[in-house]
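Student: I have a structure to go through and would like to ask about it step by step. Can we start once it is on the screen?

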Amino acid sequence: MKLRHILSVVIITSCLLGCESIIDKRPLDRIDANSVWKEQNTAEAAIFNIYSRISTGFFDTNNGGYIFSTCNVSDESRSKSGWIGSNKVIVPGNMEATRNPMDVWKVRYESIRDCNIAVESLKTSPIEENLRNRLNAEARFVRAWLYFDLTRRYGGVPLITVPQQLNDGIEALKVSRETYENCIDFITKELKESAELLPNSVANEEWGRATKQACDALNGRVLMYAQRWSEAANYSKKVIDSDQFKLYDDYNALFQTNGRTEESIFDKLFLEPDRTHSWDYYNIPYGFTPDFGSQTNPVQEMVDSYEMVNGKAITDPTSGYDPQNPYKDRDPRFNATILYNGAPFKGKLIETYTGGAQGLLKNGLCTVTGYYIRKFIEESKGAPSKGTSTVSWKELRYGEVLLNYAEAQNEAAGPDNSVYSAINQIRNRAGMPDITAGLDKDAMREVIRHERKIELAFENHRYWDLIRWGKAKEVLNDKQFHGMQITKNDDGSFTYDASFIVTRGGTQVFNDRQYLFPIPQSEINKNSNLTQNPGY
């Protein structure tokens, strides 16, 4: 397969880019990439390596020894282990400029440097012009994503667009922060210009490479974050109007795929043995792997967000919800996303009742909420080992684009028919009824926000949505989240108690300063032109 070849060449090219100064005894103050960019094969491989710098929501951050997803610091879930940075630092509000397990400053700027080298080197590369333009656009697409990720964490950041060299002088290396608005202008311009150089689609063997639609979809997301609503709606509408994508028929099956679906716009791909991840190993319920798992435990508040299949909230007395049969007739996306007591999984029934095989707090490897995550776990495989998962990370999918369009269009023009259409397409795919007609803008906004929470659950959106909406403090601060404690009765029936308080991580703290991350103190110490974010 070409993908396997690509992944193998990436390893070789990484060595060329990262190790040539040791091999060739060249100066250590720069990467001499000239030889890489003179040939088509090595130039392409270098770009494929750059693609790998886009992180996945499987493991968005590294907390100094353990990686975790942002869902474990939002109102979606908690990690079971007290020593993990999400529980030790983020949830209790202990983030500081010298201690932040969600910090990505250094790794993002290292990747941006590689993108800058690619962009500059391709200007004089002798390879064929159309290919040169495409590779240039791909490097700029990745660079735009990297800067987007920096801005959603830190606000305005230094915009560095050429490879810096030590001989530029110390002061020239001390780049000041741009405003957030200038950063967004740069990102959206890069994506717009890259889209003009990229193909509308790619062949199956090139899946995972950027296209025009990937640029437009990302631009729609970026501009939505910036609350430039009309522009955001227009970019998402371009993707919709391209008629190249549709919703995958089976929501559950979508998250069992390794990409290449009609809903996929940009996937980060995995393939054994060259490139894999460990989502299954870290998150599969206790008893399905001999030595780990269970790290993402959905909280009761997330479970309660799922409507009944008739479209009514469980708090509606006419919904048919039975608190002693709480998982019956729920939104089908609940069953596809969360494992609960009695859920069928890999030929067994999950037992989260007290004393059950996967019971609440049964031991240090079991759930701390009474739930496990199902989404993204490959159910066709046996017991997972570390580094054997191959389900793709859906960085950009059509379902998100429809939600992005609905939100941006509602904010820009109100809830017109196109907004209803976008939301109802997503709900209907899941087997849910249309939303109520006749909503005003404010009511529609709440519907859209709810639908994002459900449709995009555990896909690395919820935490950032709360941040950009200015709702994180309201939703997270001074909150104790809950789980489900279940007792098995002598007659085999169960008694459900949703008042159980999840103690892992303690009461969550979210202060105003946490809407932006601190710039690492080590970077402030090196660059006197960097200003710190308020409160740190």
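Student: Which residues lie nearest the centre of the largest pocket?
Tutor: This is a predicted model. The lining of the largest pocket is made up of 23 residues. Those nearest its centre are Ile160, Gln164, Leu173, Glu523 and Lys526.

Student: How much space lies in the largest pocket?
Tutor: The pocket in question is the one lined by 23 residues. The space in it comes to about 670 Å³.

Student: Which helix gives the most to the lining of the largest pocket?
Tutor: At least two lining residues come from each of α4 (105-122), α6 (170-173) and α19 (521-526). The top contribution is seven residues, and it comes from α4.

Student: How many residues of the lining of the largest pocket are charged?
Tutor: The lining divides into three groups. Nonpolar residues number 12 and polar residues four. The charged residues number seven.

Student: What distance should α4 span, and how far apart are its end C-alpha atoms?
Tutor: α4 has 18 residues, and the expected rise is 1.5 Å a residue. The expected span uses one less than the number of residues, so α4 should span 26 Å. The end C-alpha atoms agree with this, being apart by 26 Å.

Student: Why is α4 described as largely enclosed by the rest of the structure?
Tutor: A residue is buried when its relative accessible area is under 20%. α4 is largely enclosed because, of its 18 residues, the number buried is 13.

Student: Is Ser79 buried or exposed?
Tutor: Ser79 sits in the loop between β3 (77-78) and α3 (85-90). Leaving out residues up to four places away in sequence, it touches Asn72, Ile84, Ser86, Asn87, Gln295, Val368 and Arg504. Its relative accessible area is 1%, and the limit for burial is under 20%, so Ser79 is buried.

Student: Is Asn417 buried or exposed?
Tutor: Asn417 belongs to helix α15 (residues 417-430). Its relative accessible area is 69%. Exposed means over 50%, so Asn417 is exposed.

Student: How far apart in space are Asn417 and Arg132?
Tutor: In sequence, Asn417 and Arg132 are 285 residues apart. In space, C-alpha to C-alpha, the distance is 42 Å.

Student: Which helix supplies the largest share of the largest nonpolar core?
Tutor: The largest nonpolar core has 140 residues, and Trp37, Phe141, Tyr147, Ile187 and Tyr327 touch the most other members. The largest share of this core is 13 residues, and it comes from helix α5 (residues 129-154).

Conventions:
Residues numbered from 1 in each chain as written. Predicted model: local features only at pLDDT ≥ 70, side-chain atom pairs only at ≥ 80, totals over all residues. Heavy atoms only, no water. Helix = DSSP H or I, 4+ residues; strand = E, 2+ residues; numbered from the N terminus. Buried < 20%, exposed > 50% of the residue type's maximum accessible area, 1.4 Å probe, protein only. Contact = heavy atoms within 4.5 Å. 1 Å grid on protein atoms, 1.4 Å probe; cavity = no way out; pocket = protein on both sides within 12 Å on 5 of 7 lines; lining within 4 Å. Points joined across faces, edges and corners; volume = space filled by probe spheres on them. Nonpolar A, V, L, I, M, F, W, Y, C, P; charged D, E, K, R; others polar. Core = buried A, V, L, I, M, F, W, Y, C linked by side-chain atoms within 4.5 Å.
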